[in-house]
Amino acid sequence: MNHQEKLKPGSSSSSARSQASCVRVGQAVNVAVERFVTVGETIADDYQDIKSRMCEACKDARIAGGEIEKLCEGVSEDSDTQGYFSTSLIRAARRLLSSVTQVLLFADSIVVRQLLLAKDKVANALTRLENVKNFTEFVRAFCQFGQEMVDLAQLTGNRQNDLKDERRRAQMAAARHVLERSTMVLLSSSKVRSL
């Protein structure tokens, strides 16, 4: 076989490279999903009220990542199986997108809850500070108020630092864009599927 035959799109070496690339993509998706759900499960351990729902979403994401990897390992050039592969891959990708979105929403709700709780603590400490009757109470209330303000400043500062760092801001903008676009694709595909 000469060099030109090896580079033809229909040749077996081109097909083998395509299949190997597909396998690597499936493995990379599954590894990324595994890392993501590990973080989600760690977050869930600290918040019992959402733990079961977060773990369920993580489980669904893990299953979808595994399905994508298995599908990519079993891809072939056979035209009869291409339709099955495409349909199954789309179904697994929808499931993955849905479960990852749920995990992100639970994580965001935790961050919002932390910020609101810190704000309420500051407001309560300020109320106690306003109602002191002597200098000793004032010092104690002021120390408590100061600590609550530091906690709130750290939480809000972390969010602001995400926006100050150019690289982090670009990553968040890209992730937000992908999530928005993927959500629209999921919505459209769900509407088409329900018709």
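Here is a walk through this structure, from its overall layout to a few pairs of side chains. Keep in mind that you're looking at a predicted model.

Let's begin with the big picture. The chain has six helices and zero strands, so if you trace it from start to end you read α-α-α-α-α-α. There are 195 residues in the chain, and 25% of them count as buried. The accessible surface adds up to about 13400 Å², and carbon and sulfur atoms account for 59% of that. How do parts far apart in the sequence come together? Look at contacts between residues at least 6 apart in sequence: 67% of these join residues at least 24 apart.

Now for the inside. The largest nonpolar core is made of 22 residues. If you want to find the residues with the most contacts inside this core, look for Ile50, Met54, Ala61 and Leu96. Helices α2, α3 and α4 (79–130) each supply at least two of the core's residues, and α3 gives the most, with nine. Try clicking on Leu96 and see what surrounds this residue. Leaving out residues up to four places away in sequence, Leu96 touches Val29, Val33, Ala61, Ala64, Gly65 and Ile68. Apart from this core there's another one, of seven residues, and its members include Ala125, Leu129, Ala141 and Phe145.

Next, let's see what the charged side chains are up to. Side chains of opposite charge can pair when their charged atoms come close. How many salt bridges turn up in the whole structure? A search finds seven. One of them joins Arg62 to Glu34, with the closest N and O atoms 2.9 Å apart. Arg62 sits in helix α3 (residues 48–73) and Glu34 in helix α2 (residues 12–45), so this bridge ties together parts that are 28 residues apart in sequence. Are these two residues buried, exposed or something in between? To count as buried, a residue needs a relative accessible area under 20%, and to count as exposed it needs one over 50%. Arg62 has 28%, so this residue is partly exposed. Glu34 has 33%, so this one is partly exposed too. The story doesn't end with the pair, though: Glu34, Glu41 and Arg62 are linked in a network of salt bridges.

Two other bridges are worth a look. Lys51 and Asp45 meet through their side chains, at 3.5 Å from N to O. Here Lys51 is partly exposed, with a relative accessible area of 28%, and Asp45 is partly exposed at 43%. Further along the chain, the side chains of Asp120 and Lys119 form a salt bridge at 3.1 Å, N to O. Asp120 is partly exposed at 37% relative accessibility, while Lys119 is partly exposed with 43%.

Let's move on to the rings. The count of aromatic pairs comes to three. In one of them, Phe138 and Phe142 are stacked, with their ring centres 5.8 Å apart and an angle of 25° between the planes. Why do these two line up along the helix? They are four residues apart in helix α5, which means about one helical turn separates Phe138 and Phe142. Phe138 is partly exposed, at 34% relative accessibility, and Phe142 is partly exposed as well, at 45%. Zoom out a little and you'll find that ring pairs link Phe135, Phe138, Phe142 and Phe145 into a cluster. You've met Phe145 already, as a member of the core of seven residues.

While you're in this part of the chain, find Val139, which lies in helix α5 (residues 135–164). Val139 is partly exposed, at 34% relative accessibility. How far apart in space are Val139 and Leu129? The C-alpha atoms are 8.8 Å apart, and in sequence the two residues are ten apart. Leu129 is also listed in the core of seven residues.

One last stop takes you back to helix α2, where you'll find Ala28. Ala28 is partly exposed, with a relative accessible area of 47%. Now compare this residue's place in the sequence with its place in space: Ala28 and Glu69 are 41 residues apart in sequence, and their C-alpha atoms are 8.2 Å apart.

Key
Residues are numbered from 1 along each chain as its sequence is written. This is a predicted model: local features need pLDDT of at least 70, side-chain atom pairs count only at pLDDT 80 or more; totals for chains, interfaces and linings use all residues. Side-chain values use heavy atoms; hydrogens and water are left out. A salt bridge is a side-chain nitrogen of Lys or Arg within 4 Å of a carboxyl oxygen of Asp or Glu. Buried means under 20% relative accessible area, exposed over 50%, partly exposed in between (1.4 Å probe, protein chains only). Rings of Phe, Tyr and Trp (its six-membered ring) pair if their centres lie within 6.5 Å; planes under 30 degrees apart count as stacked, over 60 as edge-to-face and the rest as tilted. Contact means heavy atoms within 4.5 Å. Accessible areas come from the Shrake-Rupley method with a 1.4 Å probe; for residues, only the protein chains shown count as cover. A nonpolar core is a set of buried Ala, Val, Leu, Ile, Met, Phe, Trp, Tyr and Cys residues joined through side-chain atoms within 4.5 Å.
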